[in-house]
Amino acid sequence: MDEAQLVMDTALLAGQILLANGSEIARVEDTMQRIADNAGYRYANIFVLLTGITMSLPDGESTQVRPIHSRTIDLEKVAQVNTLSRQFASDEIDLPTFYQQLRQIEVAVPTFPFWLQELAAIVVSMTLMVAFTGIDAPVKLLFAMLAGGGGYAVFYYVNHELRVRFLSEFLASLVIGFVAYVGIRWLGFTHAAGDAVIIGALMPLVPGVPIMNAFSDTMSGNYLSGPARAVEAVLSVCAIGLGIAIMVSLW
Amino acid sequence: MIHIIIEGILAYAATVGFGIILNIPRHALNVAGWIGAAGWAVYELIVLRSGAQIPLAQMAIGMLTAGLLIGVLSNWAARVKHMPVILFNIPSLVPLVPGGQAYQVIRNLVTGHGTIALDYLGQVIAIAGMIALGFLLSELLVRITYRLRHTLKTK
């Protein structure tokens with residue numbers, strides 16, 4: 001492999017990892033540009049959309065494209081690419097090492113185990129229920145725990161095993177609504193308490209990354225990718241809303 | 001005062017929890033948590049003593065300030081820790097998300113209270129807009145300080 005090709009491959013791989021794991025467009029472009037600059041190829045042309053990357057080097061005759069078919073959220077990978085790019089910029093690692101390390105990131109990166117994520121979802125549900133509504137009776141906290149934990153477990157399972165977009169949010173919110181319904185129907189919760197349980201339990205499902213990126217992509221002038229992210233966020237919210245609407249109409 | 005400290009602790013836990021869900025690096029969790037706590041505490045401080053029904057204007061100012069603070073602190077943390085800024089601002093934004101109001105929109109739509117739903121929808125839009133504005137202002141502030149530092153250095 002000649003050097004120009006390696007530069008291209010490295011930059012594209014870095015961009016691909018960033019884009020597929022929840023980075024904003026400006027960061028992808030900036031990182032790729034820096035990689036090309038630091039490797040001695042200034043004025044590389046890099047064009048990044050939410051669904052693909054195009055790159056060409058000024059004196060090479062080839063242009064390369066990387067489609068990004070699926071995106072998940074794993075900010076640890078974004079951080080690692082960022083770190084590697086910094087190390088490359090300060091000459092701590094050379095280009096072949098950089099490329100190897102990038103491939104390592106794609107294969108194995110530390111993630112929090114499922115039980116810890118589940119615990120995190122429960123903590124988010126309970127704390128935000130108290131913060132938003134002021135309701136902190138132990139029984140209601142227990143229900144927020146069940147609803148938040150159950151909802152997130154469904155969300156996680158459908159996302160990782162079945163890989164159906166938006167269905168995960170929908171099913172999770174159905175579960176959450178059902179738990180709150182049980183509380184109201186058989187344990188004599190007031191409607192306000194039921195509301196509180198649902199509000200808390202929904203919080204782990206909030207599409208924080210698409211919302212934030214929709215904002216920052218639009219502000220950085222990526223008028224195709226920003227609104228596309230907004231569509232992603234709105235569809236997630238609609239899926240959640242639909243599930244909740246179905247359960248609430250049973251009350 | 002006790003109230004605000006408790007709320008801050010809740011927001012810290014929620015932010016760290018959301019950070020774990022997003023799989024942010026372990027050594028970014030603590031800082032993100034503090035930023036989330038600071039943002040929520042400032043919001044609570046501003047809307048304090050306004051009873052159960054917080055006036056929309058006060059809520060908006062609270063959200064604006066909280067968004068601004070989170071934006072500035074996140075940028076600072078990103079610079080100090082050499083990490084992407086989204087590791088800090090996304091999780092710490094979570095306590096500010098108008099989840100309660102968004103839920104009320106759905107609930108009132110389904111139960112046939114269209115006007116109340118519309119009222120809540122207005123709140124959701126106002127809050128989201130104010131947070132976005134806060135972030136924009138923080139970006140401005142960061143740019144200004146960066147430029148100031150730059151000009152001071154070159155002189």
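Reader: Which residue in β2(A) does Ile46(A) stand opposite?

Author: In this predicted model, the strands β1(A) and β2(A), the latter covering residues 52–56, run antiparallel and are joined by five bridges. Strand β1 of chain A spans 45–49, and the residue in β2(A) that stands opposite Ile46(A) is Met55(A).

Reader: Which strands are the edge strands of the open sheet in chain A?

Author: The sheet is open and has three strands with antiparallel pairing, in the order β1-β2-β3. An edge strand here pairs on one side only, and the strands of chain A that do so are β1 (45–49) and β3 (63–67).

Reader: Are α5(A) and α8(A) parallel or oblique to each other?

Author: Helix α5 (residues 114–133) and helix α8 (residues 191–202), both of chain A, pack with their axes 7 Å apart and at an angle of about 130 degrees. An angle from 65 to 115 degrees would count as roughly perpendicular and one over 145 as roughly antiparallel, and the angle of about 130 degrees falls in neither class. The two helices are therefore oblique.

Reader: How many residues does α5(A) give to the side of chain A that touches chain B?

Author: Across this interface, 40 residues of chain A are in contact with 33 residues of chain B. The elements that give two or more residues to the chain A side include α3 (75–89), α5 and α8 of chain A. The largest share comes from α5(A), and that share is 12 residues.

Technical notes. Residues are numbered from 1 along each chain as its sequence is written. Chains are lettered from A and ligands numbered from 1 in the order in which they are written. This is a predicted model: local features need pLDDT of at least 70, side-chain atom pairs count only at pLDDT 80 or more; totals for chains, interfaces and linings use all residues. Axes are lines fitted to C-alpha atoms, for helices over the stretch in contact, and angles run from 0 to 180 degrees between N-to-C directions. Helices (H or I, at least four residues) and strands (E, at least two) are DSSP runs, numbered from the N terminus. Angles under 35 degrees count as roughly parallel, over 145 as roughly antiparallel, 65 to 115 as roughly perpendicular and the rest as oblique. Two residues are in contact if their C-beta atoms, placed from the backbone, lie within 7 Å. Two strands pair if DSSP finds at least two bridges between them.
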